[in-house]
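Please open the model in your viewer and keep the sequence panel beside it, since this tour moves from one selection to the next.

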Amino acid sequence: MAVILNEVKNLNHQYMKILIDNGHGSNTPGKCSPDSRYHEWSYTRDIASAIVRQLNSAGYDATLLVPETHDVSLRTRADRANAWCCQLGKRNVCLVSIHTNAAGNGRDWMTARGWCCYTSRGQTAGDRLADCLYAAAELYLPGHKIRKDYSDGDPDQEADFAILKNTLCASVLSENLFHDNPADLAFLESSTGRRAIIDLHVRGIIQYINQFA
């Protein structure tokens, strides 16, 4: 991480508001590992908060989209992001929503593994942000499956997630391994895994701003 900070201290990057959104809230049902020891909202809140701190320490303007611990509706999340877009201009705002994935019903351990990033459908500014995150994931997740879909010419997955299709700025949603796969979960909960997930987002966001903002 020190390498990233040393690189960006000498850059006169354009201003951008970075919104970091953690998936779900303390009152969201389910969204946990089959043994119930892991809860997605808690993990992603910790990761999102660390990403914000790291970006701020590097001189970037990052903030949590949802400072509340309880769940906030997707409409409210999109409205908050769009309010920043109206204030600053949509090209001066980007949003990354942090999640972990699941392949099953929450009761059984599954075999699906890997990291991926979603954008809304079609060619959008979010595609460039996703490209930068994919490049960072390749660096920080060696040996882990990076799930890609090149059917439209780039690696990101596409979906009609509200946080992506209803926001005006460049927006992506990252699925950071599977919390219902025991190997993925062990990595996520390790200090090495937490650091990797944080660092890949920080590097990807900085690369996006320096290349496209």
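The stops below go from the whole chain to one strand with its partners and then to one helix.

Begin with the whole chain, remembering that this is a predicted model. Its secondary structure comes to seven helices and six strands, and these follow one another along the sequence in the pattern α-β-α-β-α-β-β-α-β-α-β-α-α. The C-alpha atoms fill a box of roughly 45 × 35 × 35 Å along the principal axes. For 213 residues a compact globule would have a radius of gyration near 17 Å, and the 16 Å of this chain agrees with that. Of the 213 residues, 51% count as buried.

Next, select residues 170-178, which form strand β6, and note that nine of its nine residues are buried. Add residues 93-101, strand β3, which pairs with β6 in the parallel sense over seven bridges; here N101 has F178 as its bridge partner in β6. Then add residues 115-119, strand β4, whose pairing with β6 is antiparallel and runs over four bridges, with W115 bridged to N176 of β6.

Finally, select helix α2, residues 40-57, where 18 residues at 1.5 Å a residue should span 26 Å, in agreement with the 26 Å between the end C-alpha atoms. Colour the buried residues of α2, among them Y43, I47, A50, I51 and L55. In an α-helix, residues three or four places apart point the same way, because there are 3.6 residues a turn. Stop at G59, which follows α2 and has a positive phi, near 95°.

Methods: Residues numbered from 1 in each chain as written. Predicted model: local features only at pLDDT ≥ 70, side-chain atom pairs only at ≥ 80, totals over all residues. Heavy atoms only, no water. Buried < 20%, exposed > 50% of the residue type's maximum accessible area, 1.4 Å probe, protein only. Helix = DSSP H or I, 4+ residues; strand = E, 2+ residues; numbered from the N terminus. Pairing = 2+ DSSP bridges. Expected span 1.5 Å × (residues − 1). Rg over C-alpha atoms; globule rule 2.2 N^0.38 Å.
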